[in-house]
Amino acid sequence: MQKSEAARDEWPRLMALAQAGDQQAYTRLLKALVPVIRTLARRQIADEVLVDDVIQDVLLTVHRVRHTYDPSAPFLPWLMAIAHARTVDALRKRGRHWQREVESEDASLLIASSEPSQAPEELSALLNQLPDRQRQVIEHVHLREMSLAETATHNNLTVSAVKSLLHRALNNLRRLGAHHGRS
């Protein structure tokens, strides 16, 4: 049996001791988990900064839910489930962040593509070509900087409906902006 396998065999015992309040056992366990979590996260994430964030999230989650671990059960599958969930969460969060950046860039490109003094008029002209609900959602979320939930409440819609309208509105603005530049 290799050293790392022997150490992994010790994890259930260390966790049981940690659950009983043994701080030294808990510290040893957490230190031993970091390289394993790093390996698990790197399988799905190339960005080292994001990998480090996932490691921290996994360690915090392990701390928060340590009482749910059954020391008679294998430890690695329990850890892998947590690591997988935190990795997916990080990727989703990054995807939402990138999506917002792209949407904001698209709106900025519509404005920047014209003379600065004409930008508000052009944007207003483009917005006025949208269906009313799409225009209202764009105005609330991007111009008034309301949250999706606030926009939903204000328009008597669900958050999902606001997201859908926002997506359609941005696609229509892209299309209208592309045609607008050609005329």
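A residue counts as buried when its relative accessible area is under 20%, and as exposed when that area is over 50%. By this criterion, the buried residues of helix α6 are Gln134, Arg135, Val137, Ile138, His140 and Val141. The structure is a predicted model. The briefing below covers its nonpolar cores, its aromatic pairs, its salt bridges, helix α6 and the surroundings of asparagine 155.

**Nonpolar cores**

- The largest nonpolar core comprises 27 residues. Within this core, Trp11, Met15, Val58, Phe75 and Leu79 have the most contacts.
- At least two residues of this core come from each of α1, α2 (23-42), α3 (48-65) and α4. The greatest contribution is that of α2, with eight residues.
- Methionine 15 contacts Leu29, Val62, Arg66, Tyr69, Phe75 and Trp78, when neighbours within four places in sequence are left aside.
- A second core, separate from the largest one, has 15 residues, among them Val141, Ala152, Leu165 and Leu176.
- As general background, nonpolar side chains tend to be buried together in soluble globular proteins.

**Aromatic pairs**

- The model contains four aromatic pairs.
- The ring centres of tryptophan 11 and phenylalanine 75 are 5.6 Å apart, and the ring planes meet at 70°. Planes over 60 degrees apart count as edge-to-face, so this pair of tryptophan 11 and phenylalanine 75 is edge-to-face.
- This pair connects distant parts of the chain, since tryptophan 11 belongs to helix α1 (residues 3-19) and phenylalanine 75 to helix α4 (residues 75-112), 64 residues apart. Tryptophan 11 and phenylalanine 75 are both buried.
- Phenylalanine 75 also pairs with tryptophan 78, with ring centres 5.4 Å apart and planes at 50°. An angle between the limits of 30 and 60 degrees counts as tilted, so the pair of phenylalanine 75 and tryptophan 78 is classed as tilted.
- In helix α4, phenylalanine 75 and tryptophan 78 are three residues apart, about one turn of the helix. Both of these residues, phenylalanine 75 and tryptophan 78, are buried.
- A cluster of Trp11, Tyr69, Phe75 and Trp78 is linked by ring pairs.

**Salt bridges**

- Eight salt bridges are found in the whole structure. In general terms, side chains of opposite charge can pair when their charged atoms come close.
- Glutamate 10 and arginine 13 form a salt bridge in which the closest N and O atoms are 2.5 Å apart. About one helical turn separates glutamate 10 from arginine 13, because they are three residues apart in helix α1.
- Arginine 13 is partly exposed, at a relative accessible area of 43%. Glutamate 10 is also partly exposed, at 22%.
- Arginine 42 and glutamate 48 are joined through their side chains by a salt bridge with an N to O distance of 2.9 Å. Arginine 42 has 46% relative accessibility and therefore counts as partly exposed. Glutamate 48, at 34%, likewise counts as partly exposed.
- A network of salt bridges links Arg38, Arg42, Glu48 and Asp52.
- In helix α4, arginine 86 and aspartate 89 are three residues apart and so are separated by about one helical turn. Their side chains meet in a salt bridge, 2.7 Å from N to O. Aspartate 89 is partly exposed, with a relative accessible area of 33%.

**Helix α6**

- Helix α6 (residues 132-143) has 12 residues, which should span 16 Å at 1.5 Å a residue. The C-alpha atoms at its ends are 15 Å apart, in agreement with that expectation.
- Glutamate 145 follows α6 and has a positive phi, near 55°.

**Asparagine 155**

- Asparagine 155 is located in the loop between α7 (148-154) and α8 (159-182).
- The relative accessible area of asparagine 155 is 12%. Because the limit for buried is under 20%, asparagine 155 counts as buried.
- The side chain of asparagine 155 reaches the backbone oxygen of threonine 151, at a distance of 3.0 Å.
- Not counting residues up to four places away in sequence, asparagine 155 touches Arg133, Gln136 and His140. Of these contacts, His140 is one of the buried residues of α6.

Note on methods. Residues numbered from 1 in each chain as written. Predicted model: local features only at pLDDT ≥ 70, side-chain atom pairs only at ≥ 80, totals over all residues. Heavy atoms only, no water. Helix = DSSP H or I, 4+ residues; strand = E, 2+ residues; numbered from the N terminus. Buried < 20%, exposed > 50% of the residue type's maximum accessible area, 1.4 Å probe, protein only. Polar contact = N/O pair within 3.5 Å; in protein donor to acceptor, adjacent residues only side chain to side chain. Contact = heavy atoms within 4.5 Å. Phe/Tyr/Trp six-rings, centres within 6.5 Å; stacked < 30°, edge-to-face > 60°. Expected span 1.5 Å × (residues − 1). Core = buried A, V, L, I, M, F, W, Y, C linked by side-chain atoms within 4.5 Å. Salt bridge = Lys/Arg side-chain N within 4 Å of Asp/Glu carboxyl O.
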